[in-house]
Amino acid sequence: MVGALGLVGCGVAGAIAWADGLWGLLTAAMLVTIWLCVLNWWAVVHPRIAPPPAATPADADAMALRVLLDAAPTPLLAIEGAAARALNRAARRLFATDDRILPVPAALTDPAVTHFRHEARHWRIDRVALPDGRGVAALIDIEQEERTAEARATADLIEVLGHELLNGLAPIVSLAESGVAVLARADVDAVLLREIVGTLARRADGLQRFTEAYRTLARLPAPVRRPVRLTDMADDLARLFAGRWPMVALSVAADEAEWPLDRDQLNQALWALLQNAAEAAVAATPAQVALRLHTEDAGLTIEVEDNGTGVPRDKATHIFRPFHTTKPDGTGVGLTLARQIALAHGGTLALLPTSGTIFRLVLPDIRQGAGKPAIAARLVPPVANR
């Protein structure tokens, strides 16, 4: 528009200059006309490039998310029907692709599959379903996860062992030095020496019990599973409990069913939980402990509950650590051994985050076509009240 007006103005000025004989003005008008023509030609041949639109905050957030996603060490995949795409660098490296995975392993597109093997490694598939039917899958390297957990457990165990052994050996060394000092005197104090030796023997006995408890944990054999009637096992534990804790009422509820398990090992685990519950319940009035064994879709669930004061929050994360105990004569092995037995059966043992104290032991169902039986409930009162 501006160029066209300029040409018109130059034409008018040139006409006036020609009529009046103003040759200087005519020359100037002609030069301006040529300049405007060149500018218009250049604008047509080389159009101006529009500047890119300014980035919005949403674009910056999306870019940051893409960078974080690409830096994640866990392979992430987008699943769309029978197709799969790599979402980050770890997934592209695993499947040697820049985008689409070809061919797609059948395990990735089957929502029912939770594990598969690829590149000579075992992977767990953690899926997230999106509302539009698509999904995101994270591939967890099971072997790497196990190695990390094993290394962490080993480090914790070495730390605990070192601490406990030093705590046990330090007083023994001190007592031995005191005994040598007493013997070096001209007049040996037999009474003092007897006290030193007696204390030394008790400390050595405590250290021996500690090492035996550690050996029990380290040498836990693989479980030998046999069908066990749950009511029979519960009755045996109830009789033992009534003899050991006559002042604590134990209520028992058990399914009328059989379950494949190592009875000796599970009895040991449940007895540790019952002992722990009884020791906590004696402070309450009346002292009560409950044992519940029932089957469901997830497997066999066993709960031990007491009406004691509960486990403080700051100690809840340490109760399963080997040799952690708050009891003067405790070994700190019972709960650790119970969890080891649960893990050996492929199950779990956890302290539920409730106001009371409930330990839940869950064993997976390895049977085929197991039904859910009826429950037999009964109360085993304290012996003193019979």
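In this predicted model, strands β4 (residues 121-129) and β5 (residues 135-141) run antiparallel and are joined by seven bridges. One of the residue pairs to look for here is Asp126 with its bridge partner in β5, Ala138.

The β4-β5 pair belongs to a bigger picture: an open sheet of five strands, laid out in the order β2-β1-β5-β4-β3, with antiparallel pairing. At the edges sit β2 (83-86) and β3 (115-118), each of which pairs on one side only. The sheet's neighbouring strands are turned against each other by 35° on average, leaving direction out of it.

Turning to the helices, α8 (residues 230-244) and α9 (residues 263-281) have axes that come within 11 Å of each other and cross at roughly 40°. Angles under 35 degrees would count as roughly parallel, so at this crossing angle α8 is oblique to α9. As for handedness, the crossing of α8 and α9 is right-handed.

Which residues in α8 and α9 meet? On the α8 side they are Asp232, Met233, Asp236, Leu237, Leu240, Phe241 and Arg244. Across from them, α9 brings in Arg263, Leu266, Asn267, Leu270, Trp271, Leu274, Gln275 and Ala278. Sorted by character, the residues of this α8-α9 contact come out as nine nonpolar, two polar and four charged. Leu237, Leu240 and Phe241 are among the α8 residues in the contact and count as nonpolar, as do Leu270 and Trp271 from the α9 side. The charged group includes Asp232 and Arg244 of α8 along with Arg263 of α9, while Asn267 and Gln275 of α9 are polar.

How values were computed:
Residues are numbered from 1 along each chain as its sequence is written. This is a predicted model: local features need pLDDT of at least 70, side-chain atom pairs count only at pLDDT 80 or more; totals for chains, interfaces and linings use all residues. Side-chain values use heavy atoms; hydrogens and water are left out. Axes are lines fitted to C-alpha atoms, for helices over the stretch in contact, and angles run from 0 to 180 degrees between N-to-C directions. Helices (H or I, at least four residues) and strands (E, at least two) are DSSP runs, numbered from the N terminus. Angles under 35 degrees count as roughly parallel, over 145 as roughly antiparallel, 65 to 115 as roughly perpendicular and the rest as oblique. A crossing is left-handed if the near helix is turned anticlockwise from the far one by less than a right angle, and right-handed if clockwise. Contact means heavy atoms within 4.5 Å. Two strands pair if DSSP finds at least two bridges between them.
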